[in-house]
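Trainee: Can you walk me through this one? I'm new to it.
Mentor: Sure, have a look first.

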Amino acid sequence: MLSLSEKLLNLGESATLAMMAKAKMLLREAKDVISLSGGEPDFDTPECVKEAGIQAIRDNFSHYTFVNG
C-alpha cells in the first residue's frame with residue numbers, strides 16, 4: 001500500500017492551474033485572451049442571465065438532472 005506522500009508524488013498538474021498559466025503567458029504576449037479557467041470574472045452577471053435564473057427557480061427548475069445526463 002502506498003503512503004500518502006507517495007500518492008501525492010503521483011498527482012498530475014491541475015488542469016485549471018495549467019490553463020490559468022497559459023492565459024497569463026498569452027496576455028504577456030499581448031494576445032487578446034478571455035480566460036474562463038478559474039477565479040472571478042471581471043464583469044457582473046448580465047441582467048438577462050440573472051432574470052433567467054430567478055425565473056427557473058420560480059418554475060421549480062432547480063433539481064438535479066438524471067445520472068445519465
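Trainee: Let's start with charges. How far apart are the mean positions of the positive and negative charges?
Mentor: They are 6 Å apart, for 7 positive and 10 negative charges in the protein. Lys and Arg count as positive, Asp and Glu as negative, while His and the chain ends are not counted. Each charge is placed at NZ of Lys, CZ of Arg, CG of Asp or CD of Glu.

Trainee: Anything I should know before reading on?
Mentor: This is a predicted model: local features need pLDDT of at least 70, side-chain atom pairs count only at pLDDT 80 or more, and totals for chains, interfaces and linings use all residues. Residues are numbered from 1 along each chain as its sequence is written, and side-chain values use heavy atoms, with hydrogens and water left out.

Trainee: What is the mean pLDDT?
Mentor: The protein has a mean of 89. pLDDT is the predictor's confidence in each residue, from 0 to 100. A value of 70 or more is reached by 99% of the residues.

Trainee: And where is confidence lowest and highest?
Mentor: Helix H1 (residues 4–9) is lowest, with a mean of 85. Helix H3 (residues 47–58) is highest, at 96.

Trainee: How many helices and strands are there?
Mentor: There are 3 helices and 0 strands. Both are DSSP runs numbered from the N terminus: helices are H or I with at least four residues, strands are E with at least two.

Trainee: Is the fold spread out or compact?
Mentor: The protein is more spread out than a compact globule, because its radius of gyration is 20 Å, well over the 11 Å that the globule rule gives for 69 residues. That radius is taken over C-alpha atoms, and the rule is 2.2 Å times the number of residues to the power 0.38. The C-alpha atoms fill a box of roughly 50 × 45 × 20 Å along the principal axes.

Trainee: How many of the residues count as buried?
Mentor: Just 1% of the 69 residues. Buried means under 20% relative accessible area, exposed over 50%, partly exposed in between (1.4 Å probe, protein chains only).

Trainee: Back to the backbone. Where is Ala 30?
Mentor: Ala 30 sits in the loop between helix H2 (15–28) and H3. Its phi is positive, about 65°, although Ala 30 is not a glycine. Ala 30 is exposed, at 69% relative accessibility.

Trainee: What about Asn 60?
Mentor: Asn 60 is in the segment after H3. Its phi is positive too, near 60°. Asn 60 is exposed, with a relative accessible area of 55%.
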